[in-house]
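Okay, thanks for coming, everyone. I'll walk you through one structure today, so have a look at it first and then we'll go through it piece by piece.

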Amino acid sequence: SINAVIFDLDGVIVSTDDCHYRAWKMMADEEGIEFNREINERLRGVSRMESLAIILVKSEKEYSSEEQVELATRKNNYYVDLIKELSPADILPGVMDILTELKARGIKIAIGSSSRNSPAILKNIGLGGYFDAEADGNHIQNSKPDPEVFLLAAERVGVSPVECLVVEDADAGVEAGLAGGMPVLGVGAASVNPTATLQADDLSKITVDQML
Ligand code: BG6
Ligand code: MG
């Protein structure tokens, strides 16, 4: 039985795609690197430095590791400014109903996100301190598709991985959940991932009964 649900943040609880896109785009334009929404799609669920590596495939210039850190930091500074505009209105459809019902039924809820900005985003959308546990990019060594962030979230809510359901919008996240021995509900971009245990367009299209 499922005793905890671990939610990815970006693309599951709130859509930050556009903020990531605009921030990477500003940096890429300054550097003269081709970057578009299609490339942005490949960054879903991927860590900040791994995202930069994907973007730099299009670069003619070779960047040293110090320069790469500067590019990622510059993008993050733009991103931090953009996410200041997020509010509870940006919470995705169905999310609050599912979270409230899980809480009412005594099912633990946790965050398992690659983002180091996860605490700031949760605060801005009014969900700071709402989850029973949070595991994010600040707490892990290995990014999705490694299961580390989900295993840490499971440990923090005190529920064994097989009793945790992961909710993910990224293929890398679906792979991570399955690698951690957890069933996975794919939503958004991952709603067509055939390896996901369950699939739904978004959280308004599934019930808690179907999830458990
Ligand atoms: C993930 C996003 O949640 O976090 C990725 O889907 C992003 O696109 C990653 O690159 C890391 O985010 P941050 O906020 O630590 O740069
Ligand atoms: Mg995501």
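Let me start with a question: which polar backbone atom is 2.7 Å from an oxygen atom of ligand 1? That one belongs to Arg116. Before I go on, please keep in mind that this is a predicted model.

So, staying with ligand 1. The protein covers 96% of the 400 Å² of accessible area that this ligand has on its own. There are 14 residues around ligand 1, and the closest are Asp10, Val46, Ser115, Arg116 and Asn117. Two side chains from that list also reach oxygen atoms of the ligand. Ser115 has a polar side-chain atom 2.6 Å from an oxygen atom of ligand 1, and a polar side-chain atom of Asp10 lies 2.6 Å from an oxygen atom of ligand 1 as well.

Hold on to Asp10, since that takes us to the metal. Which protein residues are donors to the magnesium ion, ligand 2? They're Asp8 and Asp169, each through OD, and Asp10 through O, at 2.0 to 2.1 Å from the ion. If you follow these donors along the chain, the spacing reads D-x1-D-x158-D.

Are those aspartates buried or exposed? With the cut-off for buried at under 20% relative accessible area, Asp169 at 2% is buried, Asp8 at 5% is buried, and so is Asp10 at 15%.

Now zoom in on Asp169. You'll find this residue in the loop between β4, residues 164-168, and α8, residues 171-179. Its side chain makes a polar contact of 2.6 Å with the side chain of Arg44. Leaving out residues up to four places away in sequence, Asp169 touches a set of residues including Asp8, Asp10, Gly11 and Val12, plus Val187, Ala189 and Ala190.

Last stop, the strands. In a regular strand, side chains alternate between the two faces of the sheet. Strand β1, residues 4-7, has both faces covered: Ala4 and Ile6 are buried on one side, Val5 and Phe7 on the other. What does β1 pair with? One partner is β2, residues 108-112, parallel and over four bridges, where Ala4 is bridged to Lys108. Another is β4, again parallel with four bridges, and there Val5 has Leu165 as its bridge partner. And β4 is the strand at one end of the loop that holds Asp169, which brings us back to the magnesium ion, where Asp169 is one of the donors.

Methods:
Residues are numbered from 1 along each chain as its sequence is written. Chains are lettered from A and ligands numbered from 1 in the order in which they are written. This is a predicted model: local features need pLDDT of at least 70, side-chain atom pairs count only at pLDDT 80 or more; totals for chains, interfaces and linings use all residues. Side-chain values use heavy atoms; hydrogens and water are left out. Helices (H or I, at least four residues) and strands (E, at least two) are DSSP runs, numbered from the N terminus. Buried means under 20% relative accessible area, exposed over 50%, partly exposed in between (1.4 Å probe, protein chains only). A polar contact is a pair of N or O atoms within 3.5 Å; within protein, one must be able to donate a hydrogen and the other to accept it, and residues adjacent in sequence count only if both atoms are side-chain atoms. Contact means heavy atoms within 4.5 Å. Donors are N, O and S atoms within 2.8 Å of the metal (3.2 Å for Na, K and Ca); water is not among the atoms, so sites may look incomplete. A residue is near a molecule or strand if one of its heavy atoms lies within 4 Å of it. Accessible areas come from the Shrake-Rupley method with a 1.4 Å probe; for residues, only the protein chains shown count as cover. Two strands pair if DSSP finds at least two bridges between them.
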